[in-house]
Amino acid sequence: MREPTEQELLACCATPAWAGAIAAGRPCPDRAALETAAATAADALSWDDVAQALAAHPRIGDPPKGDSQEAAWSRREQQQARKSPELIEANRAYEQRFGRVFLIFASGRTEDEIVAAANERLGHDEATERRVTQGELKKIAMLRLGRLLDALE
């Protein structure tokens with residue numbers, strides 16, 4: 001297995017802290033070790049690192065711009081999320097409440113499920129929501145890393 005470059009890793013999670021932590025542990029003996037290193041690195045991200053990664057994510061329901069690998073993955077992950085009035089309102093309320101884009105692991109979720117999750121998360125305090133957001137970012141990064149590793153095998 002060819003190990004991914006830091007640039008390829010940034011398409012999975014757009015913060016150099018995550019990609020750098022994985023790269024610093026090279027070489028990895030196998031895929032499982034690389035995935036463990038990635039999960040550990042995601043858990044260790046500071047809030048500033050998470051915020052940096054969030055900046056690369058489009059608003060849920062908005063089509064990602066560009067033809068990068070990250071944009072292609074976002075389009076695939078958000079295929080069930082359309083720009084309905086309910087989703088537009090959930091995004092607006094979340095952004096007003098927390099001052100950042102609503103991030104959710106959207107793969108396999110319907111738009112109704114996404115809207116319900118956004119509405120539920122509006123009740124979180126800042127610390128709780130930061131933990132949830134970091135967990136969602138980790139799930140997205142791990143899914144994308146799996147796709148990347150599949151392509152490199």
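This passage describes the aromatic ring pairs of a predicted model and a buried residue of helix α6.

Two aromatic pairs are present in the structure. In one of them, Y94 is paired with F98; the ring centres are 4.8 Å apart and the planes meet at 45 degrees, an arrangement classed as tilted. Both residues belong to helix α6, which covers residues 85-98. Because Y94 and F98 are four residues apart in this helix, about one helical turn separates them. Y94 and F98 are both buried.

Y94 also pairs with F102. Here the distance is 5.1 Å from centre to centre, and the angle between the planes is 65 degrees. This pair is edge-to-face, because the angle is over 60 degrees. F102 is buried, as is Y94. Through these ring pairs, Y94, F98 and F102 are joined into a cluster. Distance and angle are both quoted because a pair of aromatic rings is described by the distance of the centres and the angle of the planes.

Helix α6 also contains N91. The relative accessibility of N91 is 4%, so this residue counts as buried, the limit for that class being under 20%. When neighbours within four places in sequence are left aside, the contacts of N91 are with R59, I60 and F102. F102 therefore appears twice in this description: as a ring partner of Y94 and as a contact of N91.

Definitions and conventions:
Residues numbered from 1 in each chain as written. Predicted model: local features only at pLDDT ≥ 70, side-chain atom pairs only at ≥ 80, totals over all residues. Heavy atoms only, no water. Phe/Tyr/Trp six-rings, centres within 6.5 Å; stacked < 30°, edge-to-face > 60°. Helix = DSSP H or I, 4+ residues; strand = E, 2+ residues; numbered from the N terminus. Buried < 20%, exposed > 50% of the residue type's maximum accessible area, 1.4 Å probe, protein only. Contact = heavy atoms within 4.5 Å.
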